[in-house]
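User: Could you take a close look at one part of this protein for me, the helical part, and then show me how the rest sits beside it? I work at the bench, so plain words are welcome.

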Amino acid sequence: MSLPLARDENFVEANRRPLGIDPQYLRLINDTALRSRLIMAGIAEGLQSPKGPQRIKSIVRLYPDFDAPRPTNKPRPVRAATPAHEPSRTAFGLPTVEELNALLTRIHQAEREVSHELQGRIHGDIDRLKKLIATLEGDDFERAFRDLDSAMRQRRELGTQIREEAFRRIDADGTFEPRRYLRLIARERA
């Protein structure tokens with residue numbers, strides 16, 4: 001109790017005198033070792049501490065019943081004017097869970113449709129070319145064989161084409177609102 005009383009002008013910037021506290025328990029302290037021992041013993045709570053070369057006073061709140069809150073390593077909250085609630089994520093252009101689910105469902109449906117169409121066409125071409133090769137000779141055989149090789153390569157690359165076509169179809173559907181979030185989803189397959 002021999003420490004000097006803290007006055008309003010001793011509090012700097014965001015630190016302010018706590019309301020509803022008996023002023024006799026707010027004290028200035030210059031001895032950092034004593035300050036640390038008081039805090040660790042539960043006798044005091046640090047309210048303001050000089051950091052670096054600043055010329056601000058170190059202030060503690062004394063707890064005569066040795067029931068001071070335990071110190072934490074997180075910084076004290078700033079008491080500046082902050083919004084009462086965080087702005088909605090949609091304000092930042094992010095989808096809701098429902099919009100994202102609707103978009104992912106639509107992508108899966110579109111990929112199934114596109115896959116059925118493209119694979120049906122390619123499988124038809126492959127089957128036709130296989131039958132055709134059995135009856136051809138010479139240059140016609142070579143040409144049909146190259147066409148079959150090309151069709152087989154297309155079938156292997158179909159995954160990327162399916163995804164691209166599905167995204168294109170969804171993006172073209174002006175009635176489907178969640179399509180605007182397509183830009184948030186990578187088109188490449190994992």
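Analyst: Let me begin with a cut-off: a residue counts as exposed when its relative accessible area is over 50%, as buried when that area is under 20%, and as partly exposed in between. His 116 has a relative accessible area of 63%, so His 116 is exposed. Please keep in mind that this is a predicted model.

His 116 belongs to helix α2, which covers residues 97–133. Its C-alpha atom is 9.5 Å from that of Ile 162, although the two residues are 46 apart along the chain. Ile 162 is a good way into the interior, as it is one of the 11 residues of the largest nonpolar core. Val 114, Leu 118, Ile 122 and Ile 126 are also among the members of this core. Three helices each give two or more residues to the core: α2, α3 (138–156) and α4 (158–172). Helix α2 provides the largest share, with 6 residues.

For one contact point in that core, look at Leu 129. Leaving out residues up to four places away in sequence, Leu 129 touches Ala 144, Asp 147, Leu 148 and Ala 151. There is also a second, separate core of 9 residues, and Leu 103, Ile 170, Tyr 181 and Leu 182 are among them.

Helix α3 has an aromatic feature too. The count of aromatic pairs comes to 1. This pair is Phe 141 with Phe 145, and the rings are stacked, with 6.2 Å from centre to centre and 20 degrees between the planes. The two residues are 4 apart in α3, so about one helical turn separates them. The general rule behind this is that an α-helix has 3.6 residues a turn, so residues three or four places apart point the same way. Both rings belong to partly exposed residues: Phe 141 has 30% relative accessibility, and Phe 145 has 46%.

Now for the parts earlier in the chain. Helix α1 runs over residues 32–40, and its buried residues are Arg 35, Leu 38 and Ile 39. Viewed down the axis of α1, these buried residues fall within an arc of 95 degrees, so they line one face of the helix. The face turned away from that buried side carries the exposed residues Arg 37 and Met 40. Strands β2 (44–48) and β3 (59–62) are included in what covers the buried residues of α1. At the N-terminal end of α1, Asp 31 acts as a cap, with a side-chain oxygen 3.1 Å from the backbone nitrogen of Ala 33. After the helix comes Gly 42, with a positive phi near 80 degrees.

The two covering strands also belong together. β2 and β3 pair in the antiparallel sense over 4 bridges, and Ala 44 stands opposite Leu 62 in β3. Strand β2 is mostly covered, with 5 of its 5 residues buried.

Finally, Asn 10 lies in the segment before β1 (26–28). With a relative accessible area of 7%, Asn 10 is buried. Apart from neighbours within four places in sequence, Asn 10 is in contact with Leu 5, Leu 28, Gln 48, Lys 57 and Ile 59.

Definitions and conventions. Residues are numbered from 1 along each chain as its sequence is written. This is a predicted model: local features need pLDDT of at least 70, side-chain atom pairs count only at pLDDT 80 or more; totals for chains, interfaces and linings use all residues. Side-chain values use heavy atoms; hydrogens and water are left out. Buried means under 20% relative accessible area, exposed over 50%, partly exposed in between (1.4 Å probe, protein chains only). The arc is that of the directions from the helix axis to the C-beta atoms. Contact means heavy atoms within 4.5 Å. A polar contact is a pair of N or O atoms within 3.5 Å; within protein, one must be able to donate a hydrogen and the other to accept it, and residues adjacent in sequence count only if both atoms are side-chain atoms. A nonpolar core is a set of buried Ala, Val, Leu, Ile, Met, Phe, Trp, Tyr and Cys residues joined through side-chain atoms within 4.5 Å. Two strands pair if DSSP finds at least two bridges between them. Rings of Phe, Tyr and Trp (its six-membered ring) pair if their centres lie within 6.5 Å; planes under 30 degrees apart count as stacked, over 60 as edge-to-face and the rest as tilted.
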